[in-house]
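Here are a few notes to read alongside the model. I've kept them short and grouped them by topic.

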Amino acid sequence: LADGPLKSILISGVVDGIGGVLGFVPIIMFMFFGIAVLEDSGYLARVAFMMDRIFHLFGLHGSSVMPFIVSGGIAGGCAVPGVMATRTLRSPKERLATMLTVPFMNCGAKLPVLTLLIGAFFSTHQARYMFLATLLSWIVALCAAKLLRLTVLRGASTPFVMELPPYRFPTLKGLLIHTWERTWQYIKKAGTVILGISILLWAMMTYPGLPEERAAVFAQQRQQAEATLAAVPEKKAQELAQIGAAEAEAGLRHSIAGRIGTACEAVSRYAGIDWRTNIALIGGFAAKEVIISTLGTAYSLGEVAPEAATSLSERLRRDTNWNPVVALAVLVFIMFYAPCFVTVVCIAKEAGSWKWAAFSVVFNTLFAFILAVGIYQIGALLYLR
């Protein structure tokens, strides 16, 4: 293919966007296979029985533990099958409370982002921070469920009545069927939502482009650099790279996505989130998988695959807008803000109303923003920046 918009769409929009998602399919399959073993052996039902007393303290049923686990309670998973798993709950209010809080779990789409930020700013204690992130997701989800059960979903808890299946050895056929069904739901996101949003984000971050007069200024700077530094190739290359980075940033600011990110910065700055990060977070509303690749583009690095984000990690570390407090605020916001689009649609179908789907988007985003602002502001007061 010749250089042009079509090639850029295929590479930046399709190959990198979908490739980043499909790269996690093997991990997702192993995770779903493990959950299928727990389910088919009869052990997961006993986990629900053991957790019932704790979950009742938060206004939930013991059977709610299964949707939480499927959604990423054991780091990984997906909120879509987690929302579907709430069908086993008999109480409508307990089911809704579970449905609205399972997106707080660390699904497989969030893990690459958590890995990036923790590796960039907390590299000496990565395992500890990943464990704390998983623990925090459980605590916040249960506390949010309690808040919902005390307010919009008030009502008495239902007693735990559940027939415990006998222990049995899972069949290979059954395990493979259950694993494939859930993995296929994950793959379908790559061919539908991820494909569309990757192309849309590429277009929003590319057009309308710099005005001719500003593009001419950068072209003049290149000509001057080539003329004055012709005898020093290394210095010339460094200068041209700096000019290119400045032009890319100016073009991004002038793009549709850049203007939206800049407008949102008036509010997001209270959580330490700048305009470039806003662009990635907006893309994350459609699918959390695209946050890393969008951050890479926003920082003028081109598309960055989730499994090879070292260059982006280094850039974030060196950027003056980022520090450990900002990283922690962004990390928490990504963990808890609005579910991805597919999950929102699933909530609407399972709840029988778009009202609850819209409530999930607004409630989760406000909840996450309050937590992020609190972390950033407290960090600023304690001079941790």
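1. A definition to start: buried means under 20% relative accessible area, exposed means over 50%, and partly exposed is in between (1.4 Å probe, protein chains only). This is a predicted model, where local features need pLDDT of at least 70, side-chain atom pairs count only at pLDDT 80 or more, and totals for chains, interfaces and linings use all residues. Residues are numbered from 1 along each chain as its sequence is written, and side-chain values use heavy atoms, with hydrogens and water left out.

2. Take Y43: its relative accessible area is 37%, so Y43 is partly exposed. Y43 sits in helix α3, residues 43–57 (helices are DSSP runs of H or I, at least four residues, numbered from the N terminus).

3. Now for the cysteines. C340 is buried at 9% relative accessibility, and C346 is buried too, at 7%. The structure holds 0 disulfides, a disulfide being a pair of cysteine sulfur atoms within 2.5 Å.

4. On to the inside. The largest nonpolar core (buried Ala, Val, Leu, Ile, Met, Phe, Trp, Tyr and Cys residues joined through side-chain atoms within 4.5 Å) has 79 residues, and F68, L316 and W322 have the most contacts inside it. Helix α16, residues 324–336, gives the most to this core, with 11 residues. Apart from it lies another core of 5 residues, including L210, F218, A225 and A250.

5. Which residues does W322 touch, leaving out those up to four places away in sequence? They are L117, F121, T277, Y299, L316, A327 and V330, with contact meaning heavy atoms within 4.5 Å.

Methods:
Helices (H or I, at least four residues) and strands (E, at least two) are DSSP runs, numbered from the N terminus.
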